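Student: I am new to this structure. Can we go through it step by step, with the reasoning behind each label?

Tutor: Yes. Here it is.

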Amino acid sequence: MTKEKNKEEIQKKYLELQIIANQINQLQQQISLMQNQILELKNLRENILRFNEVKLGSLSYSPIGSNIFVKSKIEDNQEFLVSVGSNVLVAKSADETRILIERQINEIEKISYELENQLNIMDLRFQELQKEISDLDKQ
């Protein structure tokens, strides 16, 4: 291979390397966000499980938006209003709410697993390209 062709090949591979590095970074960010979502949902599931221990009539603070809370009284510790989208709330029992949260956790874990597989494939290609560039550079 001539030096000029070799140089062009290195440049092409280096460009591909940069693109893959960006994709790896994006995948890592997505995985991190999903792991945070999973953690939040697991905490929420735990809170739902513990909520039945709250005594009826207990005082609490309920969010009304933008980090503003109002004092409230717990009248029912077994029913929750759950958003189902489009500003629609549906009453669900503690068990139904817990099951819904577990489904969400499972779905996000599946997607996260798929993203981790994509990340591993990208990482392998990244390493291959580094080796190819190194080999071409030695010629």
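Tutor: Start with strand S3, where the side chains alternate. Phe-80 and Val-82 point to one face and are buried. Glu-79, Leu-81 and Ser-83 point to the other face and are not buried. Keep in mind that this is a predicted model.

Student: What makes S3 and S4 a pair of strands?

Tutor: Two strands pair if there are at least two bridges between them. S3 and S4, the latter covering residues 89-93, have five bridges. That meets the cut-off, and the sense of the pairing is antiparallel.

Student: Which residue of S4 is the bridge partner of Ser-83?

Tutor: Leu-89 is the partner.

Student: What lies between the two strands of this hairpin?

Tutor: Five residues lie between S3 and S4. Gly-85 is in the turn and has a positive phi of about 105°.

Student: How do you know that the length of helix H1 agrees with what is expected?

Tutor: H1 runs over residues 3-51, which makes 49 residues. The expected span is 1.5 Å times one less than the number of residues. For H1 that gives 72 Å. The C-alpha atoms at its ends are 71 Å apart, so the two values agree.

Student: Which residues of H1 are buried?

Tutor: There is a series of them along the helix. It starts with Asn-6, Ile-10, Lys-13 and Leu-17. Then come Ile-20, Ile-24, Leu-27 and Ile-31. Met-34, Ile-38, Leu-41 and Ile-48 complete the list.

Student: What do the buried residues of H1 pack against?

Tutor: They pack against strand S3, residues 79-83, and helix H2, residues 94-138.

Student: Why is Ser-112 called buried?

Tutor: Buried means under 20% relative accessible area. Ser-112 has 4%, so the label is buried. This residue is in helix H2. Leaving aside neighbours within four places in sequence, Ser-112 is in contact with Ile-31 and Met-34. Both Ile-31 and Met-34 are among the buried residues of H1.

Student: Is Glu-116 buried, partly exposed or exposed, and what value decides which?

Tutor: Partly exposed lies between the 20% and 50% limits. Glu-116 is at 30% relative accessibility, so it counts as partly exposed. Glu-116 also has its place in helix H2. Its contacts, apart from neighbours within four places in sequence, are Ile-31 and Gln-35. Leu-15 is 101 residues from Glu-116 along the chain, and their C-alpha atoms are separated by 23 Å.

Student: What makes Arg-125 and Glu-16 a salt bridge?

Tutor: The nitrogen of Lys or Arg must be within 4 Å of a carboxyl oxygen of Asp or Glu. For Arg-125 and Glu-16, the closest N and O atoms are 3.2 Å apart. The pair passes the test. It links distant parts of the chain, with Arg-125 in helix H2 and Glu-16 in helix H1, 109 residues apart.

Student: How do you know that Lys-42 and Glu-109 form a salt bridge too?

Tutor: Their closest N and O atoms are 3.7 Å apart. That is within the 4 Å cut-off. Lys-42 lies in H1 and Glu-109 in H2, so the pair ties together parts that are 67 residues apart in sequence. Lys-42 is partly exposed, at 34%. Glu-109 is partly exposed as well, at 31%.

Student: Which residues are linked in a network of salt bridges?

Tutor: Glu-9, Lys-13, Glu-16, Arg-125, Glu-128 and Glu-132 are. One of the bridges joins Glu-132 and Arg-125, with closest N and O atoms 3.4 Å apart. Glu-132 is partly exposed, at 26% relative accessibility. Arg-125 is partly exposed, at 24%. The structure holds eleven salt bridges.

Student: What makes the nonpolar surface patch, and how does Val-70 qualify as part of it?

Tutor: Ile-64, Ile-68 and Val-70 make the patch, which is about 280 Å². A patch residue needs over 30% relative accessible area. Val-70 has 39%, so it is over that limit and counts as partly exposed. Val-70 is found in strand S2, residues 68-73.

Student: What does Ser-62 touch?

Tutor: Not counting residues up to four places away in sequence, Ser-62 touches Ile-68, Phe-69, Val-70 and Ser-72. Ser-62 itself is in strand S1, residues 59-65. With 26% relative accessible area, Ser-62 is partly exposed.

Key:
Residues numbered from 1 in each chain as written. Predicted model: local features only at pLDDT ≥ 70, side-chain atom pairs only at ≥ 80, totals over all residues. Heavy atoms only, no water. Patch = residues over 30% accessible without salt bridge, like charges linked within 9 Å, V, L, I, M, F, W, Y side chains within 5 Å. Areas by Shrake-Rupley, 256 points an atom, 1.4 Å probe, with all protein chains shown as cover. Salt bridge = Lys/Arg side-chain N within 4 Å of Asp/Glu carboxyl O. Helix = DSSP H or I, 4+ residues; strand = E, 2+ residues; numbered from the N terminus. Buried < 20%, exposed > 50% of the residue type's maximum accessible area, 1.4 Å probe, protein only. Contact = heavy atoms within 4.5 Å.
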